[in-house]
Amino acid sequence: MDSKMFALVAGALVASVRVCAVAAEENVVTVHTDDVVCEASDDLWGLFLEDVNLSIDGGIYAEMVRNRSFEDGNGAIRQLTLEYWNTIGNAEYLLSEKQGAHLNDLHCVTVRGRAGSGLVNEGYFGMGVKEGESYNLSVALRGDFAFADVSLEAYGKPVVAKARIDGITSEWKTFNVSFVAQDTDPRCCLAFRFYPSDTRDNTIHEVQMDHVSLFPANAVCGLFRRDLIERLSALHPSFMRFPGGCWVEGDEMRLAYRWKKTIGDKWNRRTQWNRWKYWATNGVGFHEYLLLCEVIGAKPLYCINCGMSHSDNVPLEKMDEFVQDALDCIEYANGPTDSKWGAVRAAAGHPEPFNLEYLEIGNENGGPDYEARYPLIAKAVRTKYPEIKLVFNRWASTEDISDGPRDLRDDHFYNSADIFMSRHAHDYDEKKGDFGIFVGEYAVTTGAGRYGNLRAAIGEAAVMLGFERNQNQVKLAAYAPLFANAQHTVWTPNLIYPTTDGCFVNPSWNVQRLFSANRGVQVLKLEVATSTFRTKSPKKKGGGFDKNNIEKVQGSAVRAANGDVIVKLVNCSEEKQPVMIKGVSGNAVKTVFTGPNREAHNLPGEPELVKETTSSMVLDGQDVLPPLSLVVYRVPTVSR
Ligand code: AHR
């Protein structure tokens, strides 16, 4: 190397060292491993499963037939139209009232036509069928056709699976058939073609059909989609709040969620119009929600209607029924098998208790009407079941309710990534009251697109650091909502998107996973010396700067049950940030979550764009955080 070249290289090295040293001074992270701020909450990270966006029917519930009992209407009005079914051949159909029918099972369909006439169901935007897998069909039939050919087929393609149902008579009979698919197709339909015993007979015949159901044989507990259960289990949720949300309240009291109408024989459950624009079967009823919690290892957190809907309230003198509903749901979940509701649970196949621990009274309810109703339920529950933790709402008010026992307050916020990174990240730095906080719903919704994106996920990560640092009061938190059928995204974004042939996730899913997989038992003191930046507000003309001061680097530290120190850092800026980490060093496992740009998100059938990568490293002070990233350092040996 000649002297000129040497001078140039040396100069460049000095410059890069200087840049690094100066920049690292900006982001100094000090972990105080001997300074325990508080014990961690046992149940910090959980789920919120609302019946929204076809999250249950068309989502986690593995039922493939839509409008399976011919009770759906066209829109909110229950009227006699044949939704999600089409005719085959020259068939005519008639939706008929069933004689002696149960209150919730009023209709069946009558199909009339010549040999080969029938009906076809399109499922939830098609039925995804996989080669080699089995599917279990059941259907109730009666009539003067003698048999039916049943098939899974996609329009214009060869039949994927077929079976014959023989022995149709004038009496209702339920037939059970199992198919094995010979091919894979995400867009199949379920077709029924009916024939008289003599297939040359060209006269008109008819058949009545009801209770049509098709489940993949691999459904978990015969109920839940296996791929979605895997996505939930991977989050190791401590609890699951269900079933809403606004779904609990209903737009009107008559449509509010009432758990007693969702148990027992699935064909006798109330089918009802869901305010998120579809008919709900309640096939996943109160019992199945509890079962789902058990399957994924989450404590149930039931949110019960408190006698208030979006437009009307139950008069105070009629609240006894709602108080009783609350007491009875606890007995159903936890009571002995010789209690009234414990016996109903046992008869449904679950003699062991479900261990309901949390009961939320109302969703997003507030004001004087809530003040009057909450204590009626809360006092009765506390008296009979003092062990149940009671969750209250504060909604459209700056005051907390003043009467009735309460353990946790449910806070909800949806906002932009800027507001998450600046304001909500510090929401719980100050103590709020003599109760714990349950952040029951939160998500970056503004600027997050239909499927979420990297910057939204990083905004949520910043807020989750705040929850983690403040576990002296934040006891539980759940992203919202959990699922949206990818074809029915009325509320956006959501955490997981089921499709007919699988599912894909919002980048926020990885953030949830990383926090849950890296929990602590103690919160450690952490100081971050960093600078702030201001963002351009999309709301201001000319994109001027708004008032958000966002700390570039934010963090939290915990000690895990096995003694590991876990440091989580978020780079909220769109430039890489050098950091100087003090107080903890040595061999570490480092996981970096980031993506190619702020809008990056995943799409169905495409490789994940926003990812986690894990590697081993030696933590010796300096490191660099990629733009818009969450970085988790797990350090087994603590040295100072
Ligand atoms: O999560 C979607 C909706 O947001 C919930 O139904 C409601 O509680 C909140 O307003």
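Trainee: How many helices and strands does the protein have?

Mentor: Start by counting elements. This is a predicted model. The protein has ten helices and 34 strands.

Trainee: How compact is the protein for its length?

Mentor: Compare the radius of gyration with a rule for globules. Here the radius is 28 Å, and the globule rule gives 26 Å for 640 residues. The two values are close, so the protein is as compact as a globular protein of that length. For the outline, picture a box. Along the principal axes, the C-alpha atoms fill roughly 100 × 70 × 50 Å.

Trainee: What share of the residues counts as buried?

Mentor: Burial compares accessible area with a cut-off: buried means under 20% relative accessible area. By that test, 57% of the 640 residues are buried. Now turn to the surface. The protein exposes about 25,900 Å², and carbon and sulfur atoms supply 51% of that area.

Trainee: Which contacts tell me about the fold, and what share of them joins residues 24 or more positions apart?

Mentor: Look at separation along the chain. Take the contacts with a separation of 6 or more: 76% of them link residues 24 or more positions apart.

Trainee: How many side chains are positive and how many negative?

Mentor: Count each set, then compare their centres. There are 68 positive and 82 negative side chains. The centres of the two sets lie 4 Å apart.

Trainee: Let's take one helix. Is α4 largely enclosed or open?

Mentor: Check its residues for burial. Helix α4 spans residues 286–296, and nine of its eleven residues are buried, so the rest of the structure largely encloses it. Among the buried ones are F286, Y289, L292 and I296.

Trainee: What covers the buried residues of α4?

Mentor: The cover includes both helices and strands. Among the helices are α2 (226–233), α5 (320–334) and α6 (340–347). Among the strands are β2 (45–48), β14 (239–242) and β17 (299–304). Look also at what comes after the helix. G297 follows α4, and its phi is positive, near 75 degrees.

Trainee: Now the strands. Which way does β6 run against β12?

Mentor: Read the bridges between the two. Strand β6 (residues 118–121) pairs with β12 (residues 185–195) in the antiparallel sense, over four bridges. One pair to find is G118 with its bridge partner R193 in β12.

Trainee: How many bridges join β7 to β12, and how many join β9 to β12?

Mentor: Two bridges join β7 (residues 127–129) to β12, and the strands run antiparallel. M127 has C188 as its partner in β12. Strand β9 (residues 147–153) is also antiparallel to β12, with seven bridges. There, V150 stands opposite F192 of β12.

Trainee: Where do side chains point in a regular strand?

Mentor: They alternate between the two faces of the sheet.

Trainee: Is S508 buried or exposed?

Mentor: Find its element, then its accessibility. S508 sits in helix α10 (residues 507–517). At 1% relative accessibility, S508 is buried. Setting aside residues up to four places away in sequence, S508 touches A457, E460, Y479 and L495.

Trainee: And R373, is it buried or exposed?

Mentor: Use the steps again. R373 lies in helix α7 (residues 367–384). At 6% relative accessibility, R373 counts as buried. Leaving out residues up to four places away in sequence, R373 touches residues including C306, M308, N313 and M319.

Trainee: What distance separates the C-alpha atoms of R373 and P604?

Mentor: Distance in space and distance along the chain are two readings. The C-alpha atoms are separated by 45 Å, and R373 and P604 are 231 residues apart along the chain.

Definitions and conventions
Residues numbered from 1 in each chain as written. Predicted model: local features only at pLDDT ≥ 70, side-chain atom pairs only at ≥ 80, totals over all residues. Heavy atoms only, no water. Rg over C-alpha atoms; globule rule 2.2 N^0.38 Å. Buried < 20%, exposed > 50% of the residue type's maximum accessible area, 1.4 Å probe, protein only. Contact = heavy atoms within 4.5 Å. Areas by Shrake-Rupley, 256 points an atom, 1.4 Å probe, with all protein chains shown as cover. Lys, Arg positive; Asp, Glu negative; His and termini not counted. Charge placed at Lys NZ, Arg CZ, Asp CG, Glu CD. Pairing = 2+ DSSP bridges.
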